[in-house]
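User: Hey, can you walk me through this one? I'd like to get a feel for how the chain is put together.
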Amino acid sequence: MVKQVVTTICFFLFHCIISYWAFMSSCSIHSSPKISIPAIARYFGTKGRYEDVNTYLIDDLLATNNSLVTLPSSKCSEIHLTAIIRHGTRYPTTKNIQKMREFYDLVVRDATGNLNCLSEIKSQWKMWYTDDMDGRLVDKGRADHRHLAQRLIKWFPSLLTEDNVRNGRVKLITSSKHRCVNSTIAFREGLMKGLSIKVELEPAVNDALMRYFDQCERFVKEVENNKSALEEVKRFNEGPEMKRVMEKMADRLDVPYASITDDSVEAAFFLCAYEFTIHDLNSPWCQLFDEVDAQLNKGI
């Protein structure tokens, strides 16, 4: 009997959950020059760089950690792989860009603190995010997936093969979200480059599978359209820990406490995280946080 090998790669979008093999990471095919990493970068969560979690990638972006895929026995062999992979690095959504713009305007207009970062923000930093970016994949996000594909080839050389691709045993499935579709295309490019082939491999768009929650009546009713579903988030944002973070930020900026809200804190955190993740810049916005502040924001 001929053993059939099937490889399925699925690209999907969740609001904040990454569910995949524990080896998603990457950036560029060559190691980058040494850059200044924000002290709070480890708390960026889904807004962070994959190589800051898997630090061995900083020196070799195509490196693999084989301990993650060690077979339980020498008698075992790979016969199937399903990888559920989050989209690559993206711009902020329009909603968050608007929050970031409002906070930037507040700082430029009202902040009078004596932090060095304030002078830099006011004199040099420009609000370059625009509403039409709206969560779209950035170049780095495409690189994320091209290089992930090449690492997966190294991890599973018996599954991700030219023969399996040519004979339709490798399938790509994506949701219709633009950042997911573009991530899938970039993954395909990496697969073709890693195998040194050119083959038609069209991804299938399947929202019923990849965005099943949008079509789940109970989820839409009880969670998506239910304000009380986020009651715990509301209590956290109004709690003493977040209140202290807001007060510390107001003190640093020398603005009234009433000027800083949980949205302000979130916007500042995004300004710090996205600058580093997209452009490798240790932004002056990062100086508005200490480690305790960052730990609390990681969960938002």
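Analyst: Sure. Let's begin with contacts: among those in the chain between residues at least 6 apart in sequence, 82% join residues at least 24 apart. Keep in mind that this is a predicted model.

User: Okay, and how many helices and strands does the chain have?
Analyst: There are 11 helices and 4 strands in the chain.

User: What share of the residues count as buried?
Analyst: The chain has 300 residues, and 47% of them count as buried.

User: And what does the accessible surface come to?
Analyst: About 15,900 Å² for the chain, with 51% of that belonging to carbon and sulfur atoms.

User: Switching topic: how many aromatic pairs are there?
Analyst: Searching the whole structure turns up 12 aromatic pairs. One of them is W125 with W285, an edge-to-face pair at 5.4 Å centre to centre, with 85° between the planes.

User: Where do W125 and W285 sit in the chain?
Analyst: W125 is in the loop between α2 (116-123) and α3 (139-155), while W285 is in the loop between α10 (262-279) and α11 (291-298). They're 160 residues apart, so this pair links distant parts of the chain.

User: Are those two buried or exposed?
Analyst: W125 is buried because its relative accessible area is 9%, and the cut-off for buried is under 20%. W285 counts as buried too, at 0% relative accessibility.

User: Got another pair? Why do F269 and F289 count as edge-to-face?
Analyst: Their ring centres are 5.5 Å apart and their planes are at 80°, so the pair is edge-to-face; the angle has to be over 60 degrees for that. F269 belongs to helix α10 and F289 to the loop between α10 and α11, 20 residues apart.

User: Buried or exposed, those two?
Analyst: F269 is buried, with a relative accessible area of 3%. F289 counts as buried as well, at 7%.

User: Which residues form an aromatic cluster with them?
Analyst: F44 and F276 do: together with F269 and F289 they form one aromatic cluster.

User: Last topic, holes inside. How many cavities of 30 Å³ or more are there?
Analyst: The search of the whole structure finds 2. The largest cavity has a volume of about 110 Å³.

User: What lines the largest cavity?
Analyst: Its lining residues include T46, K47, G48 and Y50, then R86, H87, G88, T89 and R90, and also Y274 and T277. By type, the lining divides into 2 nonpolar, 6 polar and 3 charged residues.

How values were computed. Residues numbered from 1 in each chain as written. Predicted model: local features only at pLDDT ≥ 70, side-chain atom pairs only at ≥ 80, totals over all residues. Heavy atoms only, no water. Phe/Tyr/Trp six-rings, centres within 6.5 Å; stacked < 30°, edge-to-face > 60°. Helix = DSSP H or I, 4+ residues; strand = E, 2+ residues; numbered from the N terminus. Buried < 20%, exposed > 50% of the residue type's maximum accessible area, 1.4 Å probe, protein only. Contact = heavy atoms within 4.5 Å. Areas by Shrake-Rupley, 256 points an atom, 1.4 Å probe, with all protein chains shown as cover. 1 Å grid on protein atoms, 1.4 Å probe; cavity = no way out; pocket = protein on both sides within 12 Å on 5 of 7 lines; lining within 4 Å. Points joined across faces, edges and corners; volume = space filled by probe spheres on them. Nonpolar A, V, L, I, M, F, W, Y, C, P; charged D, E, K, R; others polar.
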